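Could you walk me through this structure? I'd like to start at the annotated site and then work through to the interior.

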Amino acid sequence: MKVLFMGDVVGRPGLQAVRTLLPRVRAQHGVDVVVANAENSDQGSGITSETAHYLLDSGVQLLTSGNHFYSKKAILPWVKEHPDLLLRPANYPKGTPGKGHTVVKLPDGRALGVINLEGRVYMRTEASPFEVVEGLVEELRQQTPCILVDMHCEASSEKNAMGFHLDGRVSVVVGTHTHVQTADERVLPGGTAFITDVGMCGPLDSVIGMKKESSLARFLGKTAPYEVAERLVYLQGIVADIDDATGRARSIHRVREHLPGT
């Protein structure tokens with residue numbers, strides 16, 4: 001099974017990159033399953049039913065999220081109706097709308113389990129993702145040996161720790177949230193594919209997707225609204241090749257495709 005995971009989709013430029021470039025990337029790598037983190041898809045912060053449908057209609061099979069899951073309250077009724085299309089972090093409090101894990105089933109009978117987690121370093125999540133993930137891995141392994149984990153957090157150390165924590169028990173651990181693609185993709189000793197951050201689907205001529213002028217002004221102590229940038233738009237992510245029988249990753253490769261005209 002080949003899985004494409006795309007990093008945080010940022011605003012309209014990120015949505016356009018996915019719709020334009022996904023068919024080519026999917027064909028080039030022979031991808032079976034497409035997952036994308038959508039938590040920045042609406043103007044750089046949050047998700048709406050419109051941006052969710054846009055990505056799903058573009059060929060994405062499952063959406064994950066993170067700390068901006070709540071940013072657009074209008075998504076909550078939609079996620080209640082479609083809990084297996086958009087995940088929120090599994091270590092959110094009980095009673096939070098939506099689900100933190102699901103199984104994507106392919107027409108040929110194969111299946112990919114997906115878990116969405118949020119870190120605690122420099123973030124507000126109360127429950128430990130390291131504790132919450134234990135029961136979820138055991139539950140999903142009853143259905144499929146192929147499991148992907150989206151570890152959405154600020155600290156690279158926490159992402160690395162989760163990779164080693166789950167090595168040999170899941171197929172892939174990907175880091176999201178920081179929007180900067182790292183060059184440390186590898187298969188860990190136990191057979192788990194790992195990367196600290198997959199990057200983003202959005203504009204690189206920016207400060208993590210936002211117009212650099214606004215971000216610089218804020219760092220200089222001024223007041224400026226955040227706006228999504230528009231130049232040098234890329235689709236970024238990884239493709240992992242997973243052994244269907246064992247769930248062990250054979251390989252992991254970075255994806256970085258430029259949207260023409262930007």
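Let's begin with His68, which an unreviewed UniProt entry annotates as "active site". Keep in mind that this is a predicted model, and that the annotation comes from the record and may be inferred rather than shown by experiment. His68 sits in the loop that runs between β4 (62-64) and α3. Is this residue buried or exposed? Neither, quite: His68 is partly exposed, at a relative accessible area of 23%, and the cut-off for calling a residue buried is under 20%.

What surrounds His68, once you skip its neighbours within four places in sequence? Glu39, Asn40, Ser45 and Gly46 are in contact with it. With Ser45 there is also a polar contact, side chain to side chain, at 3.3 Å.

Asp42 is worth a look too. You'll find Asp42 in the loop between β3 and α2. With a relative accessible area of 12%, Asp42 counts as buried, because that value falls under the 20% cut-off. Setting aside neighbours within four places in sequence, Asp42 is in contact with Ile47, Thr48, Thr51 and Lys72.

Now for the interior. In soluble globular proteins, nonpolar side chains tend to be buried together. Here, the largest nonpolar core takes in 32 residues. Leu4, Met6, Val18, Leu55, Val60, Leu63 and Leu86 have the most contacts inside that core. Which elements give two or more residues to this core? They are β1 (2-6), α1 (11-29), β3 (33-37), α2 (49-57), α3 (75-81) and β12 (233-242). The largest share, six residues, comes from α1.

To see how this packing looks from one residue, pick Val60. Leaving aside neighbours within four places in sequence, Val60 is in contact with Met6, Val18, Leu22, Val34, Val35, Ala36 and Leu55. Apart from the largest core there is another one, of 23 residues, including Val33, Val114, Val172 and Val198.

Last stop: the cysteines. How many disulfides does a search of the whole structure find? Zero. Cys153 is in no disulfide, and the nearest cysteine sulfur to it, that of Cys201, is 18 Å away. Cys201 is likewise in no disulfide. The pair doesn't qualify because a disulfide needs sulfur atoms within 2.5 Å. As for their surroundings, Cys153 is buried, with a relative accessible area of 0%, and Cys201 is buried as well, also at 0%.

Key. Residues are numbered from 1 along each chain as its sequence is written. This is a predicted model: local features need pLDDT of at least 70, side-chain atom pairs count only at pLDDT 80 or more; totals for chains, interfaces and linings use all residues. Side-chain values use heavy atoms; hydrogens and water are left out. Buried means under 20% relative accessible area, exposed over 50%, partly exposed in between (1.4 Å probe, protein chains only). A nonpolar core is a set of buried Ala, Val, Leu, Ile, Met, Phe, Trp, Tyr and Cys residues joined through side-chain atoms within 4.5 Å. Helices (H or I, at least four residues) and strands (E, at least two) are DSSP runs, numbered from the N terminus. Contact means heavy atoms within 4.5 Å. A polar contact is a pair of N or O atoms within 3.5 Å; within protein, one must be able to donate a hydrogen and the other to accept it, and residues adjacent in sequence count only if both atoms are side-chain atoms.
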